[in-house]
Amino acid sequence: MPVLLLERPTSEEHPAPRPVADQRGWRRWRGWIEAVALFVVYQSFEWLRTQTAGSPTVAQRNARQIVAAERRLGLFHERAIQQWFLPHHFVVELWDFYYGTIHFAVPVVALWLLWRRTPDRYRHHLNALAAATLLGLVGFWLYPLAPPRLLPAHYGFVDTAGRIGGMGVFDSGSMRDTGNLFAAMPSLHLTWSTWCAIVLVPVLRRPWLKALAILYPLITLAAVVITGNHYLLDAVGGWIVLAAGWLIATAIERSMAKVVPLRS
């Protein structure tokens, strides 16, 4: 038999596969490109968040509505929880540090682990997070809400970062000058932390890490309440936009799969 018949076809219809080294190199470059793109998207999100700030009058009115709703539901315990921690300054500093840093660090770790261990799920989970975050921006625009720490003094809340300080990026004082002051509903802290728990539990291997991932949203809920940055209903809003984000991502991906069928 002629030797040519034994050679692998190299035409455009049947291209030769890339060497393993080339595939690894492309994956490494693709990871860096993805990281830069995510950084740009996050900076755009931060800019958009500042553009959605509502008026202080509307934000205070909405805050009174939330307080009234929580009182009717028997949920208005944020002040009592915060008051219990206030005498313990070191503990409050830890909560301020947690609020200002962990919220941003853990999603980055989660995305990296997804990229490394379950690349087939990475894009879907990222799309869900992006959709939920965009819904959060819409919430900030439609319903500006003053957080507990910005309520009038007679409500009894304390701006812990301003009065006590923290150990992280907000150590220098109050968070009054950062971003959108009235971006409380929904709580993206709860959106992101719950997303992290959902995507991390299947990829983490050690049981104690899985348990920590499950506890992460609950610890975050404690942090946003103790620091006076969110109401309990804000957390509910965060969970709602997360669920909606996943539904939107799934619907879009199914629609695109019908338009452009995946090759086997």
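Start with the whole protein chain: its accessible surface comes to about 15800 Å², and carbon and sulfur atoms hold 66% of that. Areas here follow the Shrake-Rupley method with a 1.4 Å probe, and for residues only the protein chains shown count as cover. This is a predicted model, where local features need pLDDT of at least 70 and side-chain atom pairs count only at pLDDT 80 or more, while totals for chains, interfaces and linings use all residues. Residues are numbered from 1 along each chain as its sequence is written, and side-chain values use heavy atoms, with hydrogens and water left out.

**Whole chain**

Colour by secondary structure. The protein chain has nine helices and zero strands. From the N terminus the order of elements reads α-α-α-α-α-α-α-α-α. Helices (H or I, at least four residues) and strands (E, at least two) are DSSP runs, numbered from the N terminus.

Now colour by burial. Of the 264 residues in the protein chain, 43% are buried. Buried means under 20% relative accessible area, exposed over 50%, and partly exposed in between (1.4 Å probe, protein chains only). Turn on contacts, meaning heavy atoms within 4.5 Å. Among contacts in the protein chain between residues at least 6 apart in sequence, 85% link residues at least 24 apart.

**Helix H3**

Select residues 78–85, helix H3. Which residues of H3 are buried? They are Glu78, Gln82 and Phe85. These residues span an arc of only 60° around the axis, so they sit on the same side of H3. The arc is taken from the directions from the helix axis to the C-beta atoms.

Show what surrounds them. The buried residues of H3 pack against helix H2 (56–73), helix H4 (89–117), helix H6 (160–163), helix H8 (207–226) and helix H9 (232–259). Rotate to the other side of H3, where Ala80 and Trp84 are exposed. Click Ala80: its relative accessible area is 52%, so Ala80 is exposed. Draw a distance from Ala80 to Ile226. The two are 146 residues apart in sequence, yet 9.4 Å apart in space, C-alpha to C-alpha.

**The cores**

Next, select Trp195, Val199 and Leu200. In the largest nonpolar core, which has 35 residues, these three touch the most other members. A nonpolar core is a set of buried Ala, Val, Leu, Ile, Met, Phe, Trp, Tyr and Cys residues joined through side-chain atoms within 4.5 Å. H4, helix H5 (119–142), helix H7 (188–200), H8 and H9 each give this core at least two residues. H4 supplies the largest share, eight residues.

Centre on Leu200. Outside its neighbours within four places in sequence, Leu200 contacts Val106, Ala110, Leu113 and Ala213. Another core, of 17 residues, lies apart from the largest one, and its members include Ala63, Ala69, Phe76 and Phe157.

**Loop between H5 and H6**

Select Leu145, in the loop between H5 and H6. Is Leu145 buried or exposed? Its relative accessibility is 0%, so Leu145 counts as buried. Leaving aside neighbours within four places in sequence, Leu145 touches Ala59, Asn62, Ala63, Ile66, Leu181, Phe182, Ala183, Ala184, Met185, Tyr231 and Asp234. Its C-alpha atom lies 9.4 Å from that of His230, 85 residues away along the chain.

Stay in this loop and show Arg149 and Asp159. Their side chains form a salt bridge (3.6 Å, N to O). Both residues sit in the loop between H5 and H6, so the pair ties together parts that are 10 residues apart in sequence. Arg149 and Asp159 are both buried. The rule requires a side-chain nitrogen of Lys or Arg within 4 Å of a carboxyl oxygen of Asp or Glu. By this rule the count is one salt bridge.

**Cis peptide**

Move to Met185 and Pro186. A cis peptide bond joins them, with omega about 0°. Pro186 belongs to the loop between H6 and H7.

**Surface stops**

Select Phe97, in helix H4. At 32% relative accessibility, Phe97 counts as partly exposed. The C-alpha atoms of Phe97 and Ala161 are 9.0 Å apart, with their positions 64 residues apart along the chain.

Finish on Trp208, Leu212, Leu215, Leu218 and Ile219, which make a nonpolar surface patch of about 500 Å². Patches are made of residues with over 30% relative accessible area and no salt bridge; like charges are joined within 9 Å, and nonpolar side chains (Val, Leu, Ile, Met, Phe, Trp, Tyr) within 5 Å. Leu212 lies in helix H8, and at 44% relative accessibility Leu212 counts as partly exposed.
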